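Q: Here is a model to look through together; could you explain the terms applied to it, setting each value against the cut-off behind it?

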Amino acid sequence: MRQIRDVFLPQVAPSVLACNRHNAILEAAETKDYGVKILHFDMMDGKFVPQKTSFHPGFVMSHHFDGFIKDVHLMVINPINRVDAYLEAGADVITFHLEAYKTKKAVMRTIEKIKAGGALAGLSIKPDTPVSALLPFMGMVDLILLMSVEPGMGGQKFMPESVQRAKDIRSLIRKEGRDIILEIDGGINAVTSKLVSSYVDIFVSGSYLFGHSDFKSRMLALIENQ
């Protein structure tokens with residue numbers, strides 16, 4: 001059975017981006033009461049994607065998140081420049097975008113820096129990036145994050161073609177023979193998570209979970225699909 005640190009997979013990772021921005025820390029921290037073990041933090045610089053977030057390293061470092069696996073997703077240009085700060089903040093996973101660089105060497109260098117700092121290194125691809133673009137890095141990465149919407153904005157609808165893409169990535173992982181974690185993010189709810197449950201290890205979900213009075217039942221519905 002695959003696991004991330006000491007947490008067995010599959011798991012749901014609530015996206016802190018969807019929390020009430022005035023009470024995000026406490027709202028995210030309270031998910032522990034429902035059995036949440038992984039929190040997903042998006043960092044957007046307003047350049048790689050149009051949106052910008054303030055989930056800076058100090059936010060991630062909050063003592064309220066002690067005990068959670070901290071899963072940081074960098075949607076920024078030159079992500080290598082952000083790695084040290086998030087390592088110091090206690091990130092367990094740091095994922096960046098393949099599309100953030102023009103050369104394979106730059107991608108590899110960033111993967112190596114993350115791993116050298118003690119975190120798991122994740123590589124993400126946008127919906128229009130071919131799955132085959134991951135091939136040169138399959139021997140290095142610990143996690144692949146498949147975006148099932150265009151990155152940069154919450155609340156988008158799941159792209160149906162993501163089901164085949166998840167299947168294709170799982171096939172690449174099997175061929176590589178390494179225990180690479182597959183994560184998916186974008187439009188994940190009780191219905192769409194079931195479509196990819198055969199292939200995916202971590203399901204990032206935001207607007208489906210937060211802002212609803214029935215958070216617990218929604219969370220349970222996601223878990224039951226795994």
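Q: Which way do the side chains of strand E8 point, and are they buried or exposed?
A: In this predicted model, Leu143, Leu145 and Met147 point one way from E8, whereas Ile144 and Leu146 point the other way, and all of them are buried. In a regular strand, side chains alternate between the two faces of the sheet. Strand E8 covers residues 143-147, and 5 of its 5 residues are buried.

Q: What makes E8 a paired strand, and which strands does it pair with?
A: Pairing requires at least two bridges between two strands. Strand E7 (residues 120-125) and E8 have 4 bridges in the parallel sense, and 5 bridges join E8 to strand E9 (residues 181-185), again running parallel. Both pairs therefore satisfy the requirement of at least two bridges. Ile144 in E8 stands opposite Leu123, and Ile144 also stands opposite Leu182 in E9.

Q: In which order do the strands form the sheet, and what makes a strand an edge strand here?
A: The open sheet is formed by 8 strands in the order E3-E10-E9-E8-E7-E6-E5-E4, and the pairing is parallel. Its edge strands are E3 (11-14) and E4, each of which pairs on one side only. Neighbouring strands of this sheet are turned by 25° against each other on average, with direction ignored.

Q: How do you know that strand E5 is covered on both faces?
A: Ile69, Asp71, His73 and Met75 lie on one side of E5, with Lys70, Val72 and Leu74 on the other, and all are buried. For the strand as a whole, which spans residues 69-75, 7 of its 7 residues are buried.

Q: Which strands pair with E5, and over how many bridges?
A: Strand E4 (residues 38-44) is joined to E5 by 7 bridges, and the two run parallel. In this pairing Phe41 stands opposite Val72 in E5, while the bridge partner of Leu39 in E5 is Lys70. E5 also pairs with strand E6 (residues 93-97) in the parallel sense, over 4 bridges, and Val93 in E6 is the bridge partner of Asp71. The chain crosses from E5 through helix H3 (residues 80-88) to E6, and this β-α-β crossover is right-handed.

Q: Why are helices H3 and H4 called roughly parallel?
A: H3 and H4 (residues 104-116) pack at an angle of about 10°, with their axes 10 Å apart. Angles under 35 degrees count as roughly parallel, and the two helices are therefore described in that way. The residues that meet are Ile80, Val83, Asp84 and Leu87 in H3 and Arg109, Thr110, Lys113 and Ile114 in H4.

Q: Why is Arg170 called buried?
A: The relative accessible area of Arg170 is 3%, and the term buried applies under 20%. Arg170 therefore counts as buried. Its place is in helix H5 (residues 162-176).

Q: What makes the approach of Arg170 to Tyr199 a polar contact, and which residues are in contact with Arg170?
A: The side chain of Arg170 reaches the backbone oxygen of Tyr199 at 2.7 Å, and the cut-off for a polar contact is within 3.5 Å. Leaving aside neighbours within four places in sequence, Arg170 is in contact with Arg2, Ile180, Leu182, Tyr199 and Asp201. One of these, Leu182 in E9, also stands opposite Ile144.

Note on methods:
Residues are numbered from 1 along each chain as its sequence is written. This is a predicted model: local features need pLDDT of at least 70, side-chain atom pairs count only at pLDDT 80 or more; totals for chains, interfaces and linings use all residues. Side-chain values use heavy atoms; hydrogens and water are left out. Buried means under 20% relative accessible area, exposed over 50%, partly exposed in between (1.4 Å probe, protein chains only). A polar contact is a pair of N or O atoms within 3.5 Å; within protein, one must be able to donate a hydrogen and the other to accept it, and residues adjacent in sequence count only if both atoms are side-chain atoms. Contact means heavy atoms within 4.5 Å. A crossover is right-handed if, with the strands pointing away from the viewer, the path from the first strand over the helix to the second runs clockwise. Axes are lines fitted to C-alpha atoms, for helices over the stretch in contact, and angles run from 0 to 180 degrees between N-to-C directions. Angles under 35 degrees count as roughly parallel, over 145 as roughly antiparallel, 65 to 115 as roughly perpendicular and the rest as oblique.
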